[in-house]
Amino acid sequence: MTASGLLNAIFDLVNSLVEIYLANVISPFLVLHEKLYKALNTILRTVLDDHSSQIPDWFTANAITYFRTLLLIPCIFLINSGHTVLPSLIILSVDFGDFLDGVVARFWMEQKEIEAVAQAADAESKDKLNMQNSWIVDQRNKNYGGFIDAVCDKVFVVPCWICLLASVPDAGHVRILQYVVLWALILTEAASGSIRFKVYYTSNGVSAPAVKGLDFSSSAVKADHIGKAKQTFEMFGTAFFVLSPFRYFGLLLLAAAVPLAYESVRRKISKRVIYCDGSTETIDHETLKFWKQAKGLGSKLIVGITSDNKDMIANASACESVDCVLVNAPAKLSISFLKSHGIDYVVCGVGNSESVVSSELSAAKRCLVIVDDNTCKPMECKAAAKSE
């Protein structure tokens, strides 16, 4: 066995063990987690709705995120000064702040929707210039809250772990395990943060369509649920790890977060190759939007041109969402074509799916059709459709 084959076998084994852990440990935990946080969300949202007129404009989700991140300074100072209870309470309050900013974000989102309706009605009666943002600016503005929230979580907790490394030599038993757990979390969260920066600043301006009727992942736990469980284990584990009497319990929680941090990074970097037919004479905003949506469904987009038309090739190559252009691509796609080029899925529009995709592809659910409401679904096999 080659070195690369051995490495792949090891990762396959690790992925299988992590999946067993997710299905048998994390999945039951998430049931209780969801019930608790749903009840807490209802209480906080009721308070916000009842006092909506008294809530100042500066009390936003981003303001809460920035404030809880600044709590890193007193937390590090107190840990280095030998305190345990106060930094532990600060860490727990930061975790609560992470939940609170999500509730506040949803509250202000609904308030803005109400204001937008009123402003639209008022704008109809006025003749004034209207400045419109580009797709990329709009998408970054929309995603900024979630991006900065996730980054600030890491900005707070990673320095805390680095600081706690200094306390390991005086911790007694299982020192090596403590080093391994803390360094594993530091490295994985640093990698996760780097990936988030890349995704945010390379966004193409169009959100990926919602996939219906097909789940790319066969995991028992969804990606957002993994993030919630990981955050809980990391924050509570760190809070208990600071307290000497509960240090080993905190270590247990932090160790439970390591597979979740690994799985979170693995899913972010998983490869999925998408293919689109790009044989069109003109490139308009609809074509660009379609390619951007297709790229959002995977990590790499290949656009096929059924001829060697230089204008078509240049148009496709000029789009930042397109990674490769396949010249003289076949007009009808087959399973063997996908395998030979490492393509996972073909993405088509409503009008051209049957002319591009063979029946074997649709039967294998390897063709996704983007419909008008920003959703996509597997193309139905003709034989199955007729039998129904």
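**Figure 1. Strands β1 and β7 side by side.** In this predicted model, strand β1 (residues 210-211) and strand β7 (residues 375-378) are paired in the parallel sense, with 2 bridges between them. To find your way in this view, start at Val211, which stands opposite Cys376 in β7. In general, strands of a sheet pair through backbone hydrogen bonds, and the pairing can be parallel or antiparallel.

**Figure 2. A closer look at Thr375.** Thr375 has its place in strand β7. Is Thr375 buried or exposed? Its relative accessible area is 10%, which is under the 20% cut-off, so Thr375 counts as buried. Leaving aside neighbours within four places in sequence, its contacts are Pro209, Ala210, Lys212, Val369 and Ile370.

**Figure 3. On to strands β6 and β5.** Strand β6 (residues 367-370) is joined to β7 by 3 bridges, and these two strands run antiparallel. Look for Leu368, whose bridge partner in β7 is Pro378. Strand β5 (residues 345-349) pairs with β6 in the parallel sense, over 4 bridges. Here Val346 is the residue to pick out, as it stands opposite Cys367 in β6.

**Figure 4. The whole sheet, strand by strand.** Now step back to see the open sheet of 7 strands, whose order is β1-β7-β6-β5-β2-β3-β4 and whose pairing is mixed. Which strands form the edges? They are β1 and β4 (324-327), each of which pairs on one side only. Helix α10 (residues 310-317) packs on the sheet, where it touches β3 (300-305) and β4. The direction of α10 makes about 160° with that of β4.

**Figure 5. Helix α1 meets helix α7.** Two packed helices are described by the angle between their axes and the distance between the axes. For helix α1 (residues 3-50) and helix α7 (residues 223-242), the angle is about 80° and the axes lie 10 Å apart. The two helices, α1 and α7, are therefore roughly perpendicular to each other. From α1, the contact is made by Tyr21, Leu22, Ile26, Phe29, Leu30, His33, Glu34 and Tyr37. From α7 come His225, Ile226, Lys228, Ala229, Thr232 and Phe233. Sorted by class, the contact of α1 with α7 has 9 nonpolar, 3 polar and 2 charged residues.

**Figure 6. The largest nonpolar core and a second one.** The largest nonpolar core has 41 residues, and those with the most contacts inside it are Ile26, Phe156, Trp161, Phe233 and Leu260. Helices α1, α3 (72-80), α4 (85-123), α5 (135-165), α6 (175-201), α7 and α8 (247-269) each supply at least two residues of this core. Which helix gives the largest share? That is α5, with 8 residues. Another core, of 18 residues, lies apart from it and includes Leu301, Ile305, Met312 and Leu368.

**Figure 7. Phe233 and its surroundings.** Zoom in on Phe233, one of the residues with the most contacts inside the largest nonpolar core. Not counting residues up to four places away in sequence, Phe233 touches Tyr21, Ile26, Phe29, Leu253, Leu254, Ala256, Ala257 and Leu260.

**Figure 8. The protein as a whole.** To place the close-ups, here is the full protein, with its 14 helices and 7 strands. Its C-alpha atoms fill a box of roughly 75 × 70 × 45 Å, taken along the principal axes. Of the 388 residues, 39% are buried. Among contacts between residues at least 6 apart in sequence, 72% join residues at least 24 apart.

Terms used. Residues numbered from 1 in each chain as written. Predicted model: local features only at pLDDT ≥ 70, side-chain atom pairs only at ≥ 80, totals over all residues. Heavy atoms only, no water. Axes fitted to C-alpha atoms, helices over the stretch in contact; angles between N-to-C directions. Parallel < 35°, antiparallel > 145°, perpendicular 65-115°, else oblique. Contact = heavy atoms within 4.5 Å. Nonpolar A, V, L, I, M, F, W, Y, C, P; charged D, E, K, R; others polar. Core = buried A, V, L, I, M, F, W, Y, C linked by side-chain atoms within 4.5 Å. Buried < 20%, exposed > 50% of the residue type's maximum accessible area, 1.4 Å probe, protein only. Pairing = 2+ DSSP bridges.
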